[in-house]
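Visitor: I am new to this structure and would like to learn how to read it, feature by feature. Could you give me the general idea each time, and then the case before us?

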Amino acid sequence: MSKARGRDELIKLLFTEAGARAHLVRLDQSWRHVLQHHADLPPALVGLLGQMSAASCMLSASLKFSGSVLLQIHGDGPVRLAVAECNADLGVRATIKLTENWAQDLDPNLLLQPEPSLRPLLNQHGQGRFSLVLDARQPDQRPYQGIVSLDDQSIGSAIESYMAQSEQLASRLWLAADDQTACGLLLQQMPAEGGHSPVKQASRLEAWERLVLLADTLGPSELLQTNPQDLAHRLFWQESPRLLQSQLVQFSCPCSRARVGRMLASLGQTEIESILAAEGRVEVLCDFCNRPYQFDAVDCGQLFSEAQQAAGFERATQPGSSMKH
Ligand SMILES: [Zn+2]
């Protein structure tokens, strides 16, 4: 079956009667860009990372402030780390890291399932950790981090449970991803305005339940094969949605030499010097976009002298802290 070719976009809909909103997102090019750097992932892992990517876009678009959303899983299973991040301009990036023997730790049939099951992939011994970080990117505001339970069956239901707890408003998510496209639909109740009569409340609830029933008819293949505007029309035309906004989504990696430098400085001078001694230079590839960053001995010396300056020369006065290169 041929797939809908469209642009990478996110649309926002408003349902007045239900007092609810919907976000629909479709990642084509941006998702394939992510996968270029993660060749040969089996369908379950493509599904996992794609669903996280689509979810990060819809969550970022629903923030009340301008900021980014980072979904990060430190796995206790074959997946060591899975990260999807979407910024306020809907620039998305994602990466996944696996254990060395990941393929041996899993039933091969499970890897072929496009709907990833969280426990065997991420939480085999109950030590996995899924966090959701909201970053307003304001100097005076620290990022907010919430912990999402990995007890649920899927990424979508894990995020739904988290949102029900943190926002006290019902949210439902439908997510799907294959090696070409990552898509999602988010339905979210909005806070009721004061003074709603019981009759109005009941009709709001009824309209919300209709929306959920309609969205529940959506299978993963229909989600993947239909662009957001057509899908919105097909599912919800009887509910008279208002199209509020359509925004482009694109791959974006904000990595920089300065950030990589800070990461290297945090590894410590001994570690860096031992790499320099063995390799002659330190080369770092960005996990998200594969961009290479090289630091020779002079560059590394500079990193540590900058770090020492920042620390008020404290370390420079201690024995053994002088640069060897
Ligand atoms: Zn990068």
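Guide: Let us begin with the core, keeping in mind that this is a predicted model. In soluble globular proteins, nonpolar side chains tend to be buried together. Here the largest nonpolar core has 68 residues, and those that touch the most other members are V25, L49, M52, A54, A55, C57 and M58.

Visitor: Which helix gives the most to this core?

Guide: That is helix 2, residues 43–61, which contributes 12 residues. To see how one core residue is surrounded, take C57, which, leaving aside residues up to four places away in sequence, touches L10, V25, C86, L90, V92 and V249. There is also a second, separate core of 8 residues, with F295, C300, L303 and F304 among them.

Visitor: How many domains does the assignment give, and how far apart do their centres lie?

Guide: The domain assignment of the chain gives domain 1, covering 9–251, and domain 2, covering 257–317. Their C-alpha centres are 36 Å apart.

Visitor: How should I read a sheet, and what is the strand order in the one with mixed pairing?

Guide: Strands of a sheet pair through backbone hydrogen bonds, either parallel or antiparallel. The open sheet with mixed pairing has 6 strands in the order 7-6-3-4-5-11, and its edges are strand 7 (144–148) and strand 11 (250–251), each of which pairs on one side only. Strand 6, residues 129–135, runs antiparallel to strand 7 and is joined to strand 7 by 5 bridges; F130, for instance, has V148 of strand 7 as its bridge partner, while L134 is partnered by Y144 of strand 7. Strand 6 also runs antiparallel to strand 3 (residues 68–74), with 7 bridges between them, and L70 stands opposite V133 in strand 6.

Visitor: What is the order of the sheet of 5 strands, and which strands stand at its edges?

Guide: That open sheet follows the order 8-9-2-1-10 with antiparallel pairing. Strand 8 (171–177) and strand 10 (242–248) stand at the edges, and because each has a single partner strand, one side of each is left without a neighbour in the sheet. From one strand to the next, the twist averages 10 degrees. Strand 8 is joined to strand 9 (residues 182–189) by 7 bridges, the two running antiparallel, and R172 has L187 of strand 9 as its bridge partner. Helix 6, residues 198–216, packs on this sheet, where it touches strand 1 (9–15), strand 2 (20–27), strand 8 and strand 9, and its direction makes about 165 degrees with that of strand 9.

Visitor: How is the packing of two helices described, and at what angle do helix 2 and helix 5 cross?

Guide: Two packed helices are described by the angle between their axes and the distance between the axes. For helix 2 and helix 5, the axes come within 10 Å and cross at roughly 35 degrees. Helix 2 brings L48, Q51, M52 and A55 to the contact, and helix 5 brings I155, G156 and I159; these residues divide into 5 nonpolar, 2 polar and no charged.

Visitor: Finally, is E222 buried, exposed or partly exposed, and why?

Guide: E222, which is found in helix 7 (residues 220–225), is partly exposed, because 15 other C-beta atoms lie within 10 Å, a count between the limits of 12 or fewer for exposed and 20 or more for buried. The C-alpha atoms of E222 and A176 are separated by 9.5 Å, although these residues are 46 residues apart along the chain.

Technical notes
Residues numbered from 1 in each chain as written. Predicted model: local features only at pLDDT ≥ 70, side-chain atom pairs only at ≥ 80, totals over all residues. Domains from an automatic or database assignment. Core = buried A, V, L, I, M, F, W, Y, C linked by C-beta atoms within 7 Å. Helix = DSSP H or I, 4+ residues; strand = E, 2+ residues; numbered from the N terminus. Contact = placed C-beta atoms within 7 Å. Pairing = 2+ DSSP bridges. Axes fitted to C-alpha atoms, helices over the stretch in contact; angles between N-to-C directions. Nonpolar A, V, L, I, M, F, W, Y, C, P; charged D, E, K, R; others polar.
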